[in-house]
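Dear colleague,

Please find below the structure that I am handing over to you, with its sequence. My findings follow it, and I would ask you to read them with the model open.

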Amino acid sequence: MKTLYQKNLLGMLLFILMVPNVHASDKALKAQARSSAKDLGSSLKQELQKSMKEGGPIAAIKVCNVKAPEIAAQISQTKGIRVGRTALRVRNPNNAPDAWEKTQLEKFISRLASGEPVGKLDAHVIQNGEFRYMKAIGTQGVCLKCHGAKLSKQVHETIQSLYPQDQATGFAVGDIRGAFTITIPMNKNE
Ligand code: HEC
């Protein structure tokens, strides 16, 4: 028979062993999510730069149209997680935010307004057995050709023909254009 003291000791030991573990896995998931967001970001940037250089913004729009969802699907496949982009005002309606994403995007805007740098704006939550992570995407000069307040006639027409419900214009440098959104299933084998 175990004494009360032994039982408590066992409990305490388990507690000590488990707490750092929970913490470590949370950290590992966040690191994994961050690196996936980075992968998506740099692949998109590369693709955008290449197509802008080769064919200008019109060619780049068409590349973006096909490549952006393709690249996201590719990263999702290789890592067994879901990666994508979202925004409060979307170009592609498939990128529309769900409730959690919408709240975080709104929080990013108020955090930015109260002085947090855009590079620091991220958030995570554990929801329905999934680890979810978001990282804000700032607007840079190069983005304005397709997301700014004044688009060239040709750019405007091309975007309208591909995205008749486009809401993703009128942004200025420094605005939050949207966010990367990553979902990692946690209890796959349980
Ligand atoms: C050549 C035109 C072009 C440029 C330049 C461009 N984008 Fe886009 N952007 C698009 C198109 C087209 C889509 C829709 C892609 C899709 O169908 O998923 C898009 C979609 C997005 C989305 C996903 C949410 C949505 O609105 O559907 C984000 C976020 C985004 N762009 C951010 C940026 C940022 C940040 C930059 C600058 C670094 C940038 N874009 C530069 C054309 C462009």
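How far is a nitrogen atom of the ligand from an N or O atom in the side chain of His147? In this predicted model, the distance between the two is 2.9 Å. His147 is located in helix α3.

His147 also has a part to play at the metal. The iron atom of the ligand has a single donor from the protein, namely NE2 of His147, at 2.1 Å.

Two further residues place polar side-chain atoms by the ligand. For Asn95, such an atom is 2.8 Å from an oxygen atom of the ligand. For Arg85, a polar side-chain atom is found 3.3 Å from a nitrogen atom of the ligand.

As to the wider surroundings, the ligand occupies the largest pocket. Three elements each give two or more residues to the shell around the ligand: α1 (4-79), β3 (130-138) and α3 (144-147). Of these, α1 contributes the most, with seven residues.

There are 23 residues around the ligand, and those that come nearest are Arg91, Cys143, Cys146, His147 and Tyr163. By character, the shell consists of 14 nonpolar, five polar and four charged residues.

When you open the model, I suggest that you begin at His147, which supplies the single protein donor to the iron atom, and then turn to Asn95 and Arg85.

Yours sincerely,
A colleague

Definitions and conventions:
Residues are numbered from 1 along each chain as its sequence is written. This is a predicted model: local features need pLDDT of at least 70, side-chain atom pairs count only at pLDDT 80 or more; totals for chains, interfaces and linings use all residues. Side-chain values use heavy atoms; hydrogens and water are left out. A residue is near a molecule or strand if one of its heavy atoms lies within 4 Å of it. A polar contact is a pair of N or O atoms within 3.5 Å; within protein, one must be able to donate a hydrogen and the other to accept it, and residues adjacent in sequence count only if both atoms are side-chain atoms. On a 1 Å grid over the protein atoms alone, a cavity is a set of points where a 1.4 Å probe fits but cannot get out, and a pocket is an open set with protein on both sides within 12 Å along at least five of seven lines; lining residues have an atom within 4 Å of a point. A molecule sits in a cavity or pocket if more than half of its atoms lie within 2 Å of its grid points. Helices (H or I, at least four residues) and strands (E, at least two) are DSSP runs, numbered from the N terminus. Ala, Val, Leu, Ile, Met, Phe, Trp, Tyr, Cys and Pro count as nonpolar, Asp, Glu, Lys and Arg as charged, and the others, Gly among them, as polar. Donors are N, O and S atoms within 2.8 Å of the metal (3.2 Å for Na, K and Ca); water is not among the atoms, so sites may look incomplete.
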